[in-house]
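The following exercises concern the architecture of a single protein chain. Each task is followed by a solution in steps.

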Amino acid sequence: MGIPIKKSRSLEVDRVRFRFMIKDGPITPNPSDREIFLTVQEATDAPGRVLHVALPHGHEVTPETVRKLVRQALSSGWVPSARGGAFNFVNYSLP
């Protein structure tokens with residue numbers, strides 16, 4: 001399933017176009033358990049696997065943050081043009 005264009009932003013990482021969107025996670029009884037969900041997808045006519053990253057709530061998500069996370073995911077095995085389910089990226093370091 002692709003990212004809706006209306007709710008996403010465009011971003012270039014190493015001369016490759018991507019689209020990303022940010023969504024707040026559900027409200028939990030413990031505020032420190034809340035998360036922000038980042039979804040990234042290559043911006044092509046036939047997009048492949050999406051990247052999902054759960055970030056701590058309150059962390060500022062800037063285009064540069066997204067670029068760094070995309071580069072980390074690519075070096076960890078995410079292939080955006082491949083078919084298949086989402087790549088859930090959990091072993092990241094926040095910039």
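**Exercise 1.** Determine in which sequence the elements of the protein follow one another from the N terminus.

Solution. The model is a predicted one. Begin with the inventory: the protein has 1 helix and 5 strands. Read from the N terminus on, these elements run β-β-β-β-α-β.

**Exercise 2.** Describe the sheet and identify the strands that stand at its edges.

Solution. The 5 strands form an open sheet with mixed pairing, in the order S1-S2-S3-S4-S5. Strand S1 (9-13) and strand S5 (87-89) each have a single partner strand, so one side of each lacks a neighbour in the sheet; these are the edge strands. From one strand to the next, the twist averages 30°. Next, consider one pair: strand S4 (residues 51-56) and S5 are joined in the parallel sense over 3 bridges. Within S5, Asn88 is the bridge partner of His52.

**Exercise 3.** Locate helix H1 with respect to the strands.

Solution. Helix H1 comprises residues 63-75 and lies across S1, strand S2 (16-24), S3, S4 and S5. Relative to S1, helix H1 runs at about 55°.

**Exercise 4.** Is Thr39 buried or exposed, and which residues does Thr39 touch?

Solution. First, place the residue: Thr39 belongs to strand S3 (residues 35-42). Second, apply the cut-off: Thr39 has 16% relative accessibility, and because buried means under 20%, Thr39 counts as buried. Third, list the contacts: leaving aside residues up to four places away in sequence, Thr39 touches Ile3, Arg19, Phe20, Met21, Val50, Leu51 and His52. Finally, for the protein as a whole, buried residues make up 34% of the 95 residues.

Technical notes. Residues numbered from 1 in each chain as written. Predicted model: local features only at pLDDT ≥ 70, side-chain atom pairs only at ≥ 80, totals over all residues. Heavy atoms only, no water. Helix = DSSP H or I, 4+ residues; strand = E, 2+ residues; numbered from the N terminus. Buried < 20%, exposed > 50% of the residue type's maximum accessible area, 1.4 Å probe, protein only. Contact = heavy atoms within 4.5 Å. Pairing = 2+ DSSP bridges. Axes fitted to C-alpha atoms, helices over the stretch in contact; angles between N-to-C directions.
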